[in-house]
Amino acid sequence: MFSQFKSFALCAVSALLFAGAAQAAAVTFTVSAEGLLASRAAETAFLASLGTHRSTETFEGFVAGSQGKPLESASVGSFSMDWAGSGGACVGKLGGCAAGAAILNSTNSPFGGRFNTTPGGTRWLDSFDARIFTFSPLDNVNSIGFFLTDANDAGGRYDLEVNSDLGTISFDDIFGGGLSNGRVFYLAFTSASAITGITIFSNSSADGFGIDNVTVGQVPEPGTVALLGLGLLAAGALRRHRAA
Ligand SMILES: [Ca+2]
Ligand SMILES: [Ca+2]
């Protein structure tokens, strides 16, 4: 029933969409234009929309080559491999395809096309070809953004699900049938209520991706502001009533 509220835009400049994000839409999802320049511009706009109420995980503090099921970040949340991939470049590498999402760099990565996007950094979080991968953010987060590298270049399709207190909203085949190797985008999500998880589905068993600079944050909800305003009006009316 929530599908009529979803909005999805493939756009070069997403600032205007972010500005409209907190209107009626339950979840606003934007994808930058392809390329590092466009992705960085989208990240800058997203960070500005969050003000200081945000935290970013760059994965630079993790040990390269470590894997986790889930892999935990104290600053943004946990990343889980819900269904491992198979048959691709993850076979026989690190702890194997089923050992969980992995911290990779250009030296230990068995994959082509995935890379660090942190300025001055070297590491990213790799899906290790997971077919189902979920990011569960810290509590009270209603906005999430991250770089996505090398997605959907092995055929198949990429679907997303965003879970929030309002239910599950699906964004299907977000790259419209597939990309070439090594593309990079910035994805951003803003919800009218707290986001509890973002799940990425790939129907190819060897179609993994990297993510980096994962930001979580809170933007004020107009509904909350409106309710706060009503509350203040009510309190003022009560004071006037008592004073009379
Ligand atoms: Ca690739
Ligand atoms: Ca990084």
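**Exercise 1.** In this predicted model, determine which residue of E12 stands opposite Glu-161, and describe how strands E11 and E12 pair.

*Solution.*
Step 1. Locate Glu-161 and look across to E12: the residue opposite is Ser-170.
Step 2. Turn to Val-162, whose opposite residue in E12 is Ile-169.
Step 3. Consider the two strands as a whole. E11 comprises residues 158–164, and its pairing with E12 is antiparallel, with five bridges.
Step 4. Trace the connection: a hairpin of two residues links E11 to E12.

**Exercise 2.** Establish the strand order of the open sheet that contains E11 and E12, and explain why strands E5 and E12 each have one side without a neighbour.

*Solution.*
Step 1. Read the order across the six strands: E5-E6-E9-E14-E11-E12, with antiparallel pairing.
Step 2. Examine the edges. E5 (71–73) and E12 (167–171) occupy these positions and have a single partner strand each; therefore one side of each lacks a neighbour in the sheet.
Step 3. Add the geometry: from one strand to the next, the twist averages 15°.

**Exercise 3.** Identify the residues that touch the most other members of the largest nonpolar core, and list the contacts of Ala-101 beyond four places away in sequence.

*Solution.*
Step 1. The core holds 47 residues, and those touching the most other members are Ala-101, Leu-148, Phe-189 and Ile-211.
Step 2. Assign the strand contribution: E13 (residues 184–191) gives the most to this core, namely six residues.
Step 3. Leaving out residues up to four places away in sequence, Ala-101 touches Gln-67, Gly-68, Leu-71, Phe-79, Met-81, Leu-125, Asp-126, Ser-127, Phe-128, Ala-130 and Phe-133.

Technical notes:
Residues numbered from 1 in each chain as written. Chains lettered and ligands numbered in written order. Predicted model: local features only at pLDDT ≥ 70, side-chain atom pairs only at ≥ 80, totals over all residues. Pairing = 2+ DSSP bridges. Helix = DSSP H or I, 4+ residues; strand = E, 2+ residues; numbered from the N terminus. Axes fitted to C-alpha atoms, helices over the stretch in contact; angles between N-to-C directions. Core = buried A, V, L, I, M, F, W, Y, C linked by C-beta atoms within 7 Å. Buried ≥ 20, exposed ≤ 12 C-beta atoms within 10 Å, placed from the backbone. Contact = placed C-beta atoms within 7 Å.
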